[in-house]
Structure formats: C-alpha cells, structure tokens
Amino acid sequence: MIQNQFFWLLLSFILTVMVFSYIFGDNPLFRIATYLFVGVSSAYVLVLIFYQILIPKLFMPLFSGDPNQRIIQLIPIVLSVLLFFKLSKKTSQIGDLSLAFLVGSGAAIILTSAFTGTLLPMIDMITEPFSIETISFQNFFGGIFILIGTISSLLYFQFTKRSSTKDSTGVSKILQYISQIGIVFIGITLGSVFAGVIISSVIALIERLNFIITFIYNLVIG
C-alpha cells in the first residue's frame, strides 16, 4: 500500500516538474507531459461517455425496451452513422442532415438556456429592488445601479445606429452617451473575471510548489 502511494506521488512529482520545465521554453519534457494530459483526458471523457451515456441511454433501451422505443433509438444511431460521411469530401453532403440537426438542436438548447437561465433571472434581479414589499433606500439605490449598468452595457453592444446630422443632438446622441457608461461596467466585469482567473492560477501554482517542496523534504528526511 505504501509502495503504491509512493509510486503515484513520485509520478505526480515527475509530471509536475516536466510541466514546470516550460519556464525554460518549449522542450520535449513539457510536450510529453502535455500529450499525456491530453491523452488521459480524452480517454477519461470517452469512457465516461460510453458508460454513462451510450450504454444506459442508447444500447440498453435498444435491446431491452419496447418496440416503439427501439424505433426511436434508431434515429440517433442513424444520424451518428451519417456523420462519418463527413470524413470524405465526396460523401460529405450525406452527413449534412446530421450536422444540421446537431447545430439546430444545439442552438435551440443554448437559446432556451440563455433565456430561462440568464435573461429571466436578470429581469427578476433588476425588478426585485423596486418591489413595494421589499422597498428600501438601500435596495432602491442598488436597483438603480444595476439598472444603469444593465442598460448601458446592452446599449454598448447593441447600439449600432450612426448619428446623422439631423439627429446628432437627439435621442441617438443620448443613447451614445449612455452606451459609453457601459464601458465602465464592462471593464469592471472583465477585470474581476480576469483577476479571478489569475487568483485561481496562483493558488494552483502555490499548491504545486508546496507539493514539490513537501515531496523533496519527505524524501530527504525520510
């Protein structure tokens, strides 16, 4: 048991050092570690898909389900087989049906998820501070801040109308000024996201450095 644990610790130490070797530039050690990571990740995803998706949701209903269910299960199988025709230029048009179905269903799922998971919760979050039941100065001020940030950010991305000479001082000009406020909110948001990524990377780096130091210390002392 102890030998197996030491073997995996040693392997983790070697792979970590191989990844850190990128500090000195691209080299064979770093490439080997990268290839191992990609290969293991791909194999893990493949096994996960096979045992948690294909077997319970495709093969089991196909062999043990009722006749109507078996006919339905043939549809994804046929569409999957048609995708293999995309590997050749001569037969790529045969796989267009499966690709169109895949893109269309994917777009529908993304739009539905964006509407129900992002747009509606955002509308609820914006309107909640102005509710009569929970109205207060703090909620009202926060609601105004969120409302300005949301509207100005949307205008920054969506406002594409060019100001004409006739309407240069009208509504178009006002919308342009409001859209410029959205730059501040977008900058703060992107900055916080970038800071979160940097912090996560630094935490991972500290954890790996601590692992290397602890392993060497235990190896020398032990």
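This text goes through the salt bridges of a predicted model, then through helix 4 and the loop before it.

Side chains of opposite charge can pair when their charged atoms come close. With a cut-off of 4 Å between a side-chain nitrogen of Lys or Arg and a carboxyl oxygen of Asp or Glu, the count in this model comes to three salt bridges.

One of them joins Arg-31 and Asp-26, whose closest N and O atoms are 3.2 Å apart. Arg-31 has a relative accessible area of 43% and is therefore partly exposed. Asp-26, at 48%, is also classed as partly exposed, since the exposed class begins over 50%.

Another salt bridge pairs Glu-207 with Arg-208, with an N to O distance of 2.9 Å. Glu-207 is partly exposed at 41% relative accessibility, and Arg-208 is partly exposed at 27%.

The remaining pair is Asp-96 and Lys-86, whose side chains meet at 2.6 Å, N to O. Asp-96 belongs to helix 4, which covers residues 96–127, while Lys-86 sits in the loop between helix 3 (67–83) and helix 4, so the salt bridge ties together parts that are 10 residues apart in sequence. Asp-96 is partly exposed, with a relative accessible area of 35%. Lys-86 is partly exposed as well, at 32%.

The loop that holds Lys-86 also contains Gly-95. The relative accessibility of Gly-95 is 0%, so this residue counts as buried; the limit for that class is under 20%. What does Gly-95 touch, once its neighbours within four places in sequence are left aside? Its contacts are Leu-82, Leu-83, Phe-85 and Lys-86. Lys-86 thus appears twice in this part of the model, as a contact of Gly-95 and as the salt-bridge partner of Asp-96. For Leu-83, the C-alpha atom lies 4.7 Å from that of Gly-95, although the two residues are 12 apart in sequence. Leu-83 is the residue at which helix 3 (67–83) ends.

From Asp-96 onward the chain runs through helix 4 (residues 96–127). The helix has 32 residues and, at 1.5 Å a residue, should span 46 Å; the distance between its end C-alpha atoms is 44 Å, which agrees. Helix 4 nevertheless bends by about 30 degrees, and the bend is at Phe-115. An α-helix has 3.6 residues a turn, so residues three or four places apart point the same way.

Technical notes:
Residues are numbered from 1 along each chain as its sequence is written. This is a predicted model: local features need pLDDT of at least 70, side-chain atom pairs count only at pLDDT 80 or more; totals for chains, interfaces and linings use all residues. Side-chain values use heavy atoms; hydrogens and water are left out. Buried means under 20% relative accessible area, exposed over 50%, partly exposed in between (1.4 Å probe, protein chains only). Helices (H or I, at least four residues) and strands (E, at least two) are DSSP runs, numbered from the N terminus. The expected span of a helix is 1.5 Å times one less than its number of residues. The bend at a residue is the angle between axes fitted to the seven residues ending there and the seven starting there. Contact means heavy atoms within 4.5 Å.
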